[in-house]
Amino acid sequence: MAIKNYQFPKGFLWGGATAANQIEGGFHEGNKGMNIADVLPGGKGRLNILQEPGFHFEIDTDKYTYPNHEAIDFYHRYKEDIALFAEMGFKVFRMSIAWTRIFPNGDETEPNEEGLAFYDRVFDELLKHQIEPVVTISHYEMPVNLVKNYGGWSSREVVTFFDRYVHAIFNRYKDKVKYWMTFNEINSGLIMPIMGLGFSIQQEEDKYQKTFQAYHHQFVASSLAVKACHEIIPEAQIGCMILYAPVYAYDANPKNVMHALSEERLFNYFCADVQIRGEYPAFINRYFKENSIRLNVEEGDLELIKEHTVDYIGFSYYMSRTEKITKTDDDKAQGNILQGVKNPFLKASEWGWEIDPEGLRIALNQLYDRYRVPLFVVENGLGAVDEVEADGSINDDYRIEYLHDHIAAMGEAIEDGVDLMGYTAWGCIDLVSASTGEMSKRYGFIYVDKDDEGNGTLERSRKKSFYWYQKVISSNGKTL
């Protein structure tokens, strides 16, 4: 039976989450370099463009629009936005640093002072409002130069460049940031390699070899970042960040159950096992053998990975996934970026993402049972079309219902014994959607007046969910 009065821990980290490439704008200001996100146009097919043969990671304004070049102009309006976060009562604000603001091409030997100074100002403003920054070091915006001239994470040299980057930001912000995460949704490279790993594998025969060699390089880089963080900022915590979706078998057919388990282990646990347990899981050996994968592991790599594991798990949760071996077009879950088949027990959002609050409770229990380290839900939210009423109000009751049910699921998981440290709702202010490049797919508590074509005043206004979340935070979840 569900409990009524949820007991969230004292000091629970309530807040909201964003990414630099989806809110900042100012994509050429402050000596910033070009990253992968900068060449992504608007529109639902934006990720497909990156997979097209001959794509050169260049901007073509005659053919496309690029909504994230201005985004919501957080670069110039951060004080206004942070004041709104403070009004809601945020304890933390999850954000990312744009790698190309610090090292414009990624391979420089010295950081860009203008980029460093910008984040100094942002962190100072957050701390002024008693909001702790939670910083993702790499969030889908690898420098284009590292993609074009090095092949992204398939190159061992990129490990050195990333290590230089993390040392620069740890040394600069060691007195301002206590919570860090390495790679955003690191496991997403299995389905979106161009975003997570910096290269396309659609047309390549050696895609499995290239993908997992790139993952090995990321694991080494992640361990180096953990090592550096613990040495430079010993009081800080640094976590990994994964995209987590429980995988359900479509039915009790043992073949479908085994298929679902195999899919879950590869997608949900492979990257997490290496970063948290400090070693490659046993199940991956068969996968490597069946796909002729032979990793180039340098001397000391495995020892580094074993010795420098993360302090906590940050993860995004939007949906579950249902699997069976044999699928038809009619079976497929439309809009679910993780594929799978339709679950007859679940409804879906306007963009086809199945809504499963109980799946979050399942996810929390699965992760804590497996790893026994603190968990942090750093992304969760509902993308929907919001209508502005004649009086200027935005009555997003559908978002309130979605968030209510997912936060209640967290309360149940805490009662189950899960060590949960915080929750940052995704897109706490409207931003450019990563998957579709749209502004109309809104997540925020704060409405930003801008449409998919880039028109609008960029003025901010509070939605009904703004006041609801304000009450949730002020009561530490007891108003649910």
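Two strands count as paired if DSSP finds at least two bridges between them. With that in hand, a good place to start in this predicted model is the pairing of strand 1 with strand 2 (residues 92–96): the two run parallel and are joined by 3 bridges. Gly-15 has Val-92 as its bridge partner in strand 2. Strand 1 also runs parallel to strand 12, and here 5 bridges do the joining. In that pairing Ala-17 stands opposite Trp-426 of strand 12. As for its surroundings, strand 1 (residues 13–17) has 5 of its 5 residues buried, so the rest of the structure largely encloses it.

Stepping back, these pairings belong to a closed barrel of 8 strands, which goes round in the order 1-2-3-4-5-7-11-12 with parallel pairing. From one strand to the next, the twist averages 25 degrees. Further round, strand 7 (residues 312–316) and strand 11 (residues 375–379) pair in the parallel sense over 4 bridges, and Ile-313 has Leu-375 of strand 11 as its bridge partner. Helices pack on this sheet too. Helix 9 (residues 207–232) touches strand 4 (179–183) and strand 5 (237–243), and its direction makes about 165 degrees with that of strand 4. Helix 10 (residues 254–277) touches strand 4, strand 5 and strand 7, with its direction at about 165 degrees to that of strand 5.

The loops hold a couple of acidic residues worth a look. Glu-438 sits in the loop between strand 12 (420–426) and strand 13 (446–448). Glu-438 is buried yet has no salt bridge. Why not? A salt bridge calls for a side-chain nitrogen of Lys or Arg within 4 Å of a carboxyl oxygen, and the nearest side chain of opposite charge, that of Lys-44, is 4.3 Å away. What the Glu-438 side chain does have is a polar contact of 3.2 Å with the side chain of Trp-351. Leaving aside residues up to four places away in sequence, Glu-438 touches Lys-44, Trp-351, Leu-431, Val-432, Ser-433 and Asp-452.

The other residue, Asp-331, is found in the loop between strand 8 (321–323) and strand 9 (347–348). Is Asp-331 buried or exposed? Its relative accessible area is 19%, and because the cut-off for buried is under 20%, Asp-331 counts as buried. The side chain of Asp-331 makes a polar contact of 3.2 Å with the side chain of Lys-324. Lys-324 also appears among the residues that Asp-331 touches, along with Thr-326, Val-341 and Lys-342, again not counting residues up to four places away in sequence.

Conventions:
Residues numbered from 1 in each chain as written. Predicted model: local features only at pLDDT ≥ 70, side-chain atom pairs only at ≥ 80, totals over all residues. Heavy atoms only, no water. Buried < 20%, exposed > 50% of the residue type's maximum accessible area, 1.4 Å probe, protein only. Lys, Arg positive; Asp, Glu negative; His and termini not counted. Polar contact = N/O pair within 3.5 Å; in protein donor to acceptor, adjacent residues only side chain to side chain. Contact = heavy atoms within 4.5 Å. Axes fitted to C-alpha atoms, helices over the stretch in contact; angles between N-to-C directions.
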